[in-house]
Amino acid sequence: MKKNTTGIRHRNELNYPQKAVMYLFLLLVGVIMFLPMWNVIVVSTTTALEASRSGVHLWWREFSIEGFRYVFEVTKLARPFLNSLFVTTVGTVIQVLLASFAGYVLIQRDLPFKNGITSFIMLTMMIPGDLTMISIYQLNRDLGLLNSYTGLILNGLIAGSSILLMRNYFKSISYTLAESARIDGASELRIFAGIFLPISLPGLATVFFMDFVSRWNSITIPAAILTDESMYTLPLKLKAMILSTSSVSGTAQIPENAIMAAIVITAVPLLLIYVFAQKFLLSGLNLGATKE
């Protein structure tokens, strides 16, 4: 084994007790994060009687998928699932395209007021979304966008974080590529679509994943502009199911295993997207967050 010629231990190298403490801490964090998810999975795949039993469920006493059948047959979760899938996919694709266009514009060297525009975008990220709910409802009402797919797609179509992430990613691409293309007579659209977008696939995948998760889990916007139950998205339907369970009005309560089954169904698309996008996420997030 090759020895360290300097004979000096690296200062950032941990000794064995420190490594043991670090691994134990990471194990504790992993268990804390894993147990709630495992409890949801177990409760969703057991009977309604077992699901009503108090305490944390770590294993099955009786395996059953009746909760999933109840979700689709009684609560009609298929329509909210399709609503969420449609508005999230369409809205995310448009959002990524707009963020890419904006990010490309912000890297142009001759863009006037570039620093001011960037500062304004960052300022919009500091405003809590909950403070704008009343104005968002009034604007959608005046534009006739209540209870519509158009309203669900258009609201939140621009995200400052996505624009800045794409801007930082585009800045990592050599500017000489664009200059060479301009000398050859290429248009800006050709440079953008033919050079910057293909090179920026990790950044695009990162923005797509972040925006998809944000839209899929969004509940404030749908709650503000939807009153028609046929237009409900999955988070809004899940909220209605939980409120129905806690209601004391005498209506039939939804079993606990059905609620957990709905949570599992809601999480499945996010897990599938993560599996396909994970190889791009780390490189895209690291470069987008640190490149200046």
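Where in the chain is the place of Phe113? Phe113 sits in the loop between α4 and α5. I begin with this residue, colleagues, and shall come back to it after a general view of the chain. Please keep in mind throughout that the model before you is predicted.

Let me turn to the overall arrangement. The secondary structure comprises 14 helices and zero strands. If one reads along the sequence, the pattern is accordingly α-α-α-α-α-α-α-α-α-α-α-α-α-α. The chain has 292 residues, and 37% of them count as buried. As for contacts, consider those between residues at least 6 apart in sequence: 70% of these join residues at least 24 apart.

I come now to the pockets. The volume of the largest pocket is about 980 Å³. Its lining consists of 35 residues, and those that lie nearest the centre are Asn155, Gly156, Ile158, Ala159 and Ser214. Two or more lining residues are given by each of the elements α4 (78-106), α5 (114-124), α6 (133-142), α8 (160-171), α11 (201-217) and α12 (220-225). Which element provides the largest share of this lining? That element is α11, with five residues. Sorted by class, the lining of the largest pocket holds 17 nonpolar, 15 polar and three charged residues.

The second largest pocket encloses about 270 Å³ of space. Two helices, α1 (16-44) and α14 (256-290), each supply at least two residues of its lining. The largest share is that of α14, which contributes six residues. On the structure above, you may locate the lining residues as Phe34, Met37, Trp38, Val40, Ile41, Ile263, Val264, Ala267, Val268, Leu270 and Leu271. How many of these are nonpolar, polar and charged? The lining of the second largest pocket has eleven nonpolar residues, no polar ones and no charged ones.

Helix α11, already mentioned for the largest pocket, also takes part in a helix contact. The axes of α10 (residues 188-199) and α11 come within 5 Å, and they cross at roughly 70°. Because angles of 65 to 115 degrees count as roughly perpendicular, α10 is roughly perpendicular to α11. On the α10 side the contact is made by Leu197, Pro198 and Ile199, and on the α11 side by Leu201, Pro202 and Leu204. By class, the residues of this contact are six nonpolar, no polar and no charged.

Remaining with α11, I draw your attention to Ala205, which lies in that helix. Is Ala205 buried or exposed? Ala205 is buried, because its relative accessible area is 17% and buried means under 20%. Ala205 and Ile273 stand 68 residues apart in sequence, while their C-alpha atoms are 9.9 Å apart in space.

Next, two residues from the earlier part of the chain. Asn39 is found in helix α1, one of the helices that line the second largest pocket. With a relative accessibility of 16%, Asn39 counts as buried. Setting aside residues up to four places away in sequence, Asn39 touches Val56 and His57.

Thr46 follows in the loop between α1 and α2 (48-51). This residue also counts as buried, since its relative accessibility is 3%. Which residues are in contact with Thr46, leaving aside its neighbours within four places in sequence? They are Ala51, Trp60, Glu62, Ser64, Glu66 and Asn257.

Finally, I return to Phe113, as promised, and set Asn147 beside it. Phe113 has a phi near 55°, a positive value in a residue other than glycine. Asn147 likewise is not a glycine, yet has a positive phi of about 55°. Phe113, in the loop between α4 and α5, is exposed, because its relative accessible area is 71% and the exposed class begins over 50%. Asn147 is placed in the loop between α6 and α7 (149-154). With a relative accessible area of 29%, Asn147 is partly exposed.

To close, I would ask you to retain three points. The predicted chain is built with 14 helices and zero strands. Helix α11 gives the largest share of the lining of the largest pocket, and its axis comes within 5 Å of that of α10. The lining of the second largest pocket has no polar and no charged residues. Thank you for your attention.

Conventions: Residues are numbered from 1 along each chain as its sequence is written. This is a predicted model: local features need pLDDT of at least 70, side-chain atom pairs count only at pLDDT 80 or more; totals for chains, interfaces and linings use all residues. Side-chain values use heavy atoms; hydrogens and water are left out. On a 1 Å grid over the protein atoms alone, a cavity is a set of points where a 1.4 Å probe fits but cannot get out, and a pocket is an open set with protein on both sides within 12 Å along at least five of seven lines; lining residues have an atom within 4 Å of a point. Grid points are joined across faces, edges and corners, and a volume is the space filled by probe spheres set on the points. Helices (H or I, at least four residues) and strands (E, at least two) are DSSP runs, numbered from the N terminus. Ala, Val, Leu, Ile, Met, Phe, Trp, Tyr, Cys and Pro count as nonpolar, Asp, Glu, Lys and Arg as charged, and the others, Gly among them, as polar. Axes are lines fitted to C-alpha atoms, for helices over the stretch in contact, and angles run from 0 to 180 degrees between N-to-C directions. Angles under 35 degrees count as roughly parallel, over 145 as roughly antiparallel, 65 to 115 as roughly perpendicular and the rest as oblique. Contact means heavy atoms within 4.5 Å. Buried means under 20% relative accessible area, exposed over 50%, partly exposed in between (1.4 Å probe, protein chains only).
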